[in-house]
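Visitor: I'm new to this one. Could you show me the structure and then walk me through it?

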Amino acid sequence: MTDERRRGGLVVRPLSPTDVARRVARDIPDGSYVNLGIGLPTLVADVVGPDKEIVYHSENGILGMGPAPAAGEEDSELINAGKQPVTLLPGGSFFHHTDAFVMMRGGHLDVSVLGAFQVSETGDLANWATDEAALPPAVGGAMDLAVGARRVLVVTTHTTRDGRPKLLSRCTYPLTAAAVVDRVYTDLAVLDVGPEGFVVREVAPGVTPDGLQAVTGAPLRFAPDLAVVHPD
């Protein structure tokens, strides 16, 4: 877990990136075809248990990726869309990136796990452009993944580094796609996007409803069976 932080008189234990990846992995059904976005989402492939067979897709033309290679065993010609070294499982294949995009746009992916700069309470996703000069616009295949996958899961920190909420009533950055996000996983909570906005299903240890609302830019509803995330 990450370092403990004091908020509102309580000790909060935000989930580490690996903790969040493990929580996402629990929600991906066995046998799914999945695309993992650049950044935090790529950690999911490293923590899925041996009880599940997940087929990973990359928009640069790979189907059947395995976990990251051990140090010193990287192959410079075997990389994912984020230019990170990957491995290939038995039965995996390579193909033209045009075919990879056909898979995405044709609705052949069960799950897309994407990072985000912002998510709105109606499920709008903004993850390709900001107003920060240090983060140049880079859409890649995100628009296709956001509208082509049957289920869209977002992995992000709950706030920016300077404390601004990433979960908002309305996105202020350019949209990647509108009304596409099904569930959001942050270092503080797991939230569904419902007809009436964000519904909090689970919270990190030490997080209270009032404390979570204080760092969220949209009204929150809390599930009657609200639980605490316990990383595997």
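Guide: Happy to. Let's start with a hairpin: β13 and β14 form one, with two residues between them. Strands here (E, at least two residues) and helices (H or I, at least four) are DSSP runs numbered from the N terminus, and two strands pair if DSSP finds at least two bridges between them. This is a predicted model, in which local features need pLDDT of at least 70 and side-chain atom pairs count only at pLDDT 80 or more, while totals for chains, interfaces and linings use all residues. Residues are numbered from 1 along each chain as its sequence is written, and side-chain values use heavy atoms, with hydrogens and water left out.

Visitor: How many bridges join β13 to β14?
Guide: β13 covers residues 189-194 and runs antiparallel to β14. One partnership to look for is A189 with V203 in β14. The number of bridges joining the two strands is six.

Visitor: Is β14 largely enclosed or open, and why?
Guide: β14 spans residues 197-203. Buried means under 20% relative accessible area, exposed means over 50%, and partly exposed is in between, using a 1.4 Å probe and protein chains only. Six of the seven residues of β14 are buried, so the rest of the structure leaves this strand largely enclosed.

Visitor: In which sense do β14 and β15 pair?
Guide: Strands of a sheet pair through backbone hydrogen bonds, in one of two senses. β15 is residues 220-228, and five bridges link it with β14. Look for V200, which stands opposite F222 in β15. The sense of this pairing is parallel.

Visitor: Which hand does the unit of β14, α5 and β15 have?
Guide: Helix α5, residues 209-214, belongs to this β-α-β unit along with the two strands. To judge the hand, point the strands away from you: if the path from the first strand over the helix to the second runs clockwise, the crossover is right-handed. This unit is right-handed.

Visitor: Which are the edge strands of the ten-stranded sheet?
Guide: The sheet is open, has mixed pairing and follows the order β6-β5-β4-β3-β7-β10-β12-β13-β14-β15. An edge strand here pairs on one side only, and the two that do so are β6 and β15.

Visitor: What does the twist average from one strand to the next?
Guide: Axes are lines fitted to C-alpha atoms, for helices over the stretch in contact, and angles run from 0 to 180 degrees between N-to-C directions. From one strand to the next in this sheet, the average twist is 25 degrees.

Visitor: Which residue in the hairpin of β4 and β5 takes a positive phi?
Guide: β4 and β5 run antiparallel and are joined by two bridges, with S58 standing opposite I62 in β5. Their hairpin has three residues between the strands. The residue with a positive phi, near 110 degrees, is G61.

Visitor: What is the bridge partner of G66 in β6?
Guide: β5 has five of its five residues buried, so the rest of the structure largely encloses it. Four bridges join β5 to β6, and the two run antiparallel. The β6 partner of G66 is T87.

Visitor: Where does K83 lie, and is it buried or exposed?
Guide: The phi of K83 is near 65 degrees, a positive value in a residue other than glycine. With a relative accessible area of 69%, K83 counts as exposed. Its place is the loop between β5 and β6.

Visitor: How far apart are the C-alpha atoms of E73 and E202?
Guide: E73 sits in the loop between β5 (62-66) and β6 (87-94), and it is exposed at a relative accessible area of 59%. Along the chain, E73 and E202 are 129 residues apart. Their C-alpha atoms are separated by 38 Å.

Visitor: Which element gives the largest share of the lining of the second largest pocket?
Guide: Elements giving two or more residues to that lining are β4 (55-58), β5 and β6. The largest share, five residues, comes from β6.
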